[in-house]
Amino acid sequence: MRARIAAIEALSPAIKRITLAAADGTPLPTASAGAHIMLAIPGPGRVWKNAYSLVSPPDARDRYQIIVRRVEPSRGGSAWLHDHAAAGQEIELAPPINLFPIARRAAKHLLLSAGIGLTPFLSYLPVLRGAGQKFELHHCCRHAEAAAFTALLPGTGEAITLHSSRNTLDVLHLLARQRLDTHLYVCGPDPFMVAVLGAARDLGWPEAKLHFESFGGATGGAPFTAHLKRSGITVAVAADQSLLEAIEAAGLQPPCLCRGGACGECALPVLGGVPEHRDHVLSPAEHAAGDIMMTCVSRAKTPELVLDF
């Protein structure tokens, strides 16, 4: 669908909030708390497809709002949105999809985020507050950006704590003192997510009560080729390109939803070669087997892969 950039607001030197409206002025599709949209961002010789969590209230149909951090080095998407996007421009986006919904049966919701990982929780808060749900939010950020994130949060206090100094969040103690009917939600950089989820599993938290979303996309690596057996096509994957992007550039439409290695939608069987796994979906045993991979973030340890696609 076509959208118009209605406003761009700088929240800090590296963070901008972008407001989008339907290009034809009609109401936007409803988006539930935790949903994201995918933007088709123009670039030199290619189009970047980046997913961003919606931070606007779930019941808002006149606008979608996203928060974008400029990534250094940027693969193209965040740089364009910071340096070239302007109010009035039109951009293409996919309707909202929710892979990180609120668990309705939880008696308490424990939300842990770091950096730009706060964004999905900004749509959670009005829903949790409106339903009278018990929740606790802990957000970790750099001291230089504390003011920007404080301004985004609807009040602080017992339920919301911002940590802008190192080592002020004792994750183990926090997880250990939770009631048994609490659900944990985690979003942020990979090292943060790995640490929090690892601590929860070590304490015996069941997988059904662990919810997480990765906003990180492909980070590049050594180039390789992928032979798509059923399609009869061989694609070259550049160092700054994901396998998914290379398949799309060949004119095919492989499955995908999050483009961050978190949903499992883009999984393809591996018939030959050794994949380099970077996803958050497959188990350690599945990684070791090497017979399936997520094309949006994973790459190859061998010069060539053969995929069943």
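Two residues are in contact when heavy atoms of theirs lie within 4.5 Å, and in this predicted model that criterion, leaving aside neighbours within four places in sequence, puts A85 in contact with I5, I8 and W80. The points below take up A85 and its surroundings, then an open sheet of 5 strands, and finally the second largest pocket, which holds about 360 Å³ of space.

**Residue A85**
- A85 sits in the loop between α1 (77-83) and β6 (90-97).
- With a relative accessible area of 12%, A85 counts as buried, because that value falls under the 20% cut-off.
- Between A85 and G232, which are 147 residues apart along the chain, the C-alpha atoms are separated by 38 Å.

**The open sheet**
- The 5 strands of this open sheet follow the order β13-β12-β18-β14-β16, and their pairing is mixed.
- Since β13 (233-237) and β16 (292-294) stand at the edges and each has a single partner strand, one side of each is left without a neighbour in the sheet.
- Neighbouring strands of the sheet are turned against each other by 40° on average, with direction ignored.
- Strand β12 (residues 224-228) pairs with β13 in the antiparallel sense over 5 bridges, and L228 stands opposite I233 in β13.

**The second largest pocket**
- The space in this pocket amounts to about 360 Å³, and of the 17 residues that line the pocket, the closest to its centre are A114, C140, C141, R142 and H163.
- Sorted by class, the lining of the second largest pocket comprises 7 nonpolar, 6 polar and 4 charged residues.

Conventions: Residues are numbered from 1 along each chain as its sequence is written. This is a predicted model: local features need pLDDT of at least 70, side-chain atom pairs count only at pLDDT 80 or more; totals for chains, interfaces and linings use all residues. Side-chain values use heavy atoms; hydrogens and water are left out. Two strands pair if DSSP finds at least two bridges between them. Helices (H or I, at least four residues) and strands (E, at least two) are DSSP runs, numbered from the N terminus. Axes are lines fitted to C-alpha atoms, for helices over the stretch in contact, and angles run from 0 to 180 degrees between N-to-C directions. Buried means under 20% relative accessible area, exposed over 50%, partly exposed in between (1.4 Å probe, protein chains only). On a 1 Å grid over the protein atoms alone, a cavity is a set of points where a 1.4 Å probe fits but cannot get out, and a pocket is an open set with protein on both sides within 12 Å along at least five of seven lines; lining residues have an atom within 4 Å of a point. Grid points are joined across faces, edges and corners, and a volume is the space filled by probe spheres set on the points. Ala, Val, Leu, Ile, Met, Phe, Trp, Tyr, Cys and Pro count as nonpolar, Asp, Glu, Lys and Arg as charged, and the others, Gly among them, as polar.
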